[in-house]
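The exercises below are to be worked with the sequence and the coordinates at hand. Each gives a task and then a solution in steps.

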Amino acid sequence: IPAATVVFNDGAIGVDTNPDRVAVAGVSSDGNYISSETFVNSRLKDGSTEKRMYDVGVMAKKVVAIAKERNKGVVIENLEFKNKFNGNKKFNRMKSNFLWRKFTEVLERRCLESGIACKRVNPAYTSVIGRCKYAPMYKTTVHESAAFAIARRGLGFGEKISVNRCPSELVKR
């Protein structure tokens, strides 16, 4: 296995994975927001297996290109799904079609081939932190701000949600 030449010295690229989109956020080495973008692809939800696998490869290639261009390591969330399905047909279909594992395998392989460091972090409350703390501050989507929280977590920064400035409706949700 070749050693990673692009590590987390210059910051990190956080990746938030969802059933129909991948959000990417760049963070400097001191934990400050640089930029973010979202790659939306509806074929990830309801395309054929071959089309979805092709799109997963294309999205992983885009993320690796961003990491290589900015000289930053990649941080992804370490999601663990239970195999239980509930009675909701729509949710069951979405869950069974969600290609998170394939996406992370392809992304980690591409990072390894390109010499980019890739790390997994605990995804607990990254969307909540993004929604309440970073989305209003940086005027980004929830997914992009969750990717920002993931990247910060990968760099070792702790996150606490301060609910004193957050609207009560958001806190209750």
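**Exercise 1: Confidence**

Determine how confident the predictor is in this chain, and which elements have the lowest and the highest mean pLDDT.

Solution. The model is a predicted one, and its protein chain averages a pLDDT of 85, with 82% of the residues scoring at least 70. Turning to the elements of the protein chain, the lowest mean pLDDT, 63, belongs to helix H7 (residues 168-172), whereas the highest, 95, belongs to E2.

**Exercise 2: The sheet**

Establish the strand order of the sheet, identify the strands at its edges, and find which helices pack on the sheet.

Solution. Begin with the order, which reads E3-E2-E1-E4-E5 in an open sheet of 5 strands with mixed pairing. Strand E3 (33-40) and strand E5 (118-121) each have a single partner strand and therefore stand at the edges, one side of each being left without a neighbour in the sheet. From one strand to the next, the twist averages 20°.

Next, consider one pair in detail: strand E1 (residues 12-17) and strand E4 (residues 73-77) are joined in the parallel sense over 4 bridges, and Ile13 has Val74 of E4 as its bridge partner.

Finally, add the helices. Helix H2 (residues 49-70) packs on the sheet by touching E1, strand E2 (21-27), E3 and E4, and its direction makes about 165° with that of E3. Helix H6 (residues 142-154) also packs on the sheet, where it touches E1, E2, E3, E4 and E5, and its direction makes about 50° with that of E2.

**Exercise 3: Two helix pairs**

Classify the packing of H2 with H4 and of H5 with H6, and describe the residues in each contact.

Solution. For the pair H2 and helix H4 (residues 100-114), the angle is about 40° and the axes are 9 Å apart. Because this angle lies neither under 35 degrees nor in the range 65 to 115, H2 is oblique to H4. H2 passes H4 in a right-handed crossing. The contact includes Met53, Val56 and Val63 of H2 together with Phe103, Val106 and Leu107 of H4, and by class it has 10 nonpolar, 2 polar and 4 charged residues.

For helix H5 (residues 126-138) and H6, the axes come within 7 Å and cross at roughly 110°, so H5 is roughly perpendicular to H6. Among the residues in contact are Ile129, Tyr134 and Tyr138 of H5 and Val142, Phe148 and Ile150 of H6. The residues of this contact divide into 9 nonpolar, 4 polar and 3 charged.

Terms used. Residues numbered from 1 in each chain as written. Predicted model: local features only at pLDDT ≥ 70, side-chain atom pairs only at ≥ 80, totals over all residues. Heavy atoms only, no water. Pairing = 2+ DSSP bridges. Axes fitted to C-alpha atoms, helices over the stretch in contact; angles between N-to-C directions. Contact = heavy atoms within 4.5 Å. pLDDT = per-residue confidence, 0-100. Parallel < 35°, antiparallel > 145°, perpendicular 65-115°, else oblique. Left-handed = near helix turned anticlockwise from the far one by under 90°. Nonpolar A, V, L, I, M, F, W, Y, C, P; charged D, E, K, R; others polar.
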